[in-house]
Amino acid sequence: MVYKVGYFVGSLSSRSINRLLSKALIRLAPEDLEFTEIPIGDLPLYSPDYDADFPPSAVALKDAIAASQALLFVTPEYNRSIPGALKNAIDWASRPWGQNSFDHVPAAVIGASIGGIGTAVSQQSLRGVLSFCNARQMTAPEAYIHFTPGLITEDGDVTMESTAAFLAAYMEEFRLHVERVLTVLPRG
Ligand SMILES: Cc1cc2nc3c(=O)[nH]c(=O)nc-3n(C[C@H](O)[C@H](O)[C@H](O)COP(=O)(O)O)c2cc1C
């Protein structure tokens, strides 16, 4: 059984350390997880005025989530919360009212920061948002990655063995979480 995982990178930066982290996670993940990035950079700012007629980028976002059996959020911390681009994408996907794309979807959050708390506050904020959206979140393990220069190469190779082992274990737990949730809440 292969599980289709859609993943979000919360950063729009061309030099994003969270994009490097996403590459590392994909490399270290169990083989039966298949990853597709769900882009967030082309979405306009959400307004309820769009509810009757979503633009193509927002339709594509909702279609991509619908095609995913699980979601992985890899995000930086911006001013002790999640970046606006990610929040905007979540707001789009949660609407129109009654068509919340996150309902019952297995999900996990992780992030990297150059700061010592490794996106802990951002992840708490994201967890609150995803709770309201009724995503089925993995609560443990948590993963707050303190990024130091060279920790992950451009190809997603993790240069510190202990970090690589931790991230591999995190992804194995994610796979188990996805399997458990989908057992009781199957998705197409
Ligand atoms: C607008 C802005 C706000 C930031 N706020 C925080 C913060 O609250 N906590 C933190 O640890 N790092 C913060 N940083 C530093 C980020 O950890 C750092 O820029 C990191 O590289 C962002 O992830 P990215 O490379 O994936 O974009 C902030 C950076 C920016 C640009």
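This is a dialogue about the ligand site, two pockets and a salt bridge in a predicted model.

Residues are numbered from 1 along each chain as its sequence is written. Local features need pLDDT of at least 70 and side-chain atom pairs pLDDT 80 or more, totals for chains, interfaces and linings use all residues, and side-chain values use heavy atoms, with hydrogens and water left out.

Student: What makes a residue part of the ligand's surroundings?

Tutor: One of its heavy atoms must lie within 4 Å of the ligand. The residues that surround the ligand include Ser 16, Asn 18, Tyr 78 and Ile 114. By class, this shell has 4 nonpolar, 6 polar and 2 charged residues. Ala, Val, Leu, Ile, Met, Phe, Trp, Tyr, Cys and Pro count as nonpolar, Asp, Glu, Lys and Arg as charged, and the others, Gly among them, as polar.

Student: Why is the pair of Ser 113 and the ligand called a polar contact?

Tutor: The term needs a pair of N or O atoms within 3.5 Å; within protein, one must be able to donate a hydrogen and the other to accept it, and residues adjacent in sequence count only if both atoms are side-chain atoms. A polar side-chain atom of Ser 113 is 2.6 Å from a ligand oxygen, so the pair meets the distance limit of 3.5 Å. Backbone atoms also take part: a polar one of Ile 17 lies 2.9 Å from an oxygen of the ligand, and an N or O of Arg 80 lies 2.8 Å from a ligand oxygen.

Student: How much of the ligand does the protein bury?

Tutor: Alone, the ligand exposes 610 Å², of which the protein buries 71%. Such areas come from the Shrake-Rupley method with a 1.4 Å probe; for residues, only the protein chains shown count as cover.

Student: Which helices each supply at least two residues of the lining of the largest pocket?

Tutor: They are α3 (84-93) and α4 (120-132), and α3 gives the largest share, 3 residues. Helices (H or I, at least four residues) and strands (E, at least two) are DSSP runs, numbered from the N terminus.

Student: Why is the pair of Glu 37 and Arg 19 called a salt bridge?

Tutor: The term means a side-chain nitrogen of Lys or Arg within 4 Å of a carboxyl oxygen of Asp or Glu. The closest N and O atoms of Glu 37 and Arg 19 are 2.8 Å apart, so the pair qualifies. Glu 37 lies in strand β2 (residues 33-37) and Arg 19 in helix α1, so the bridge ties together parts 18 residues apart in sequence. The whole structure has 7 salt bridges.
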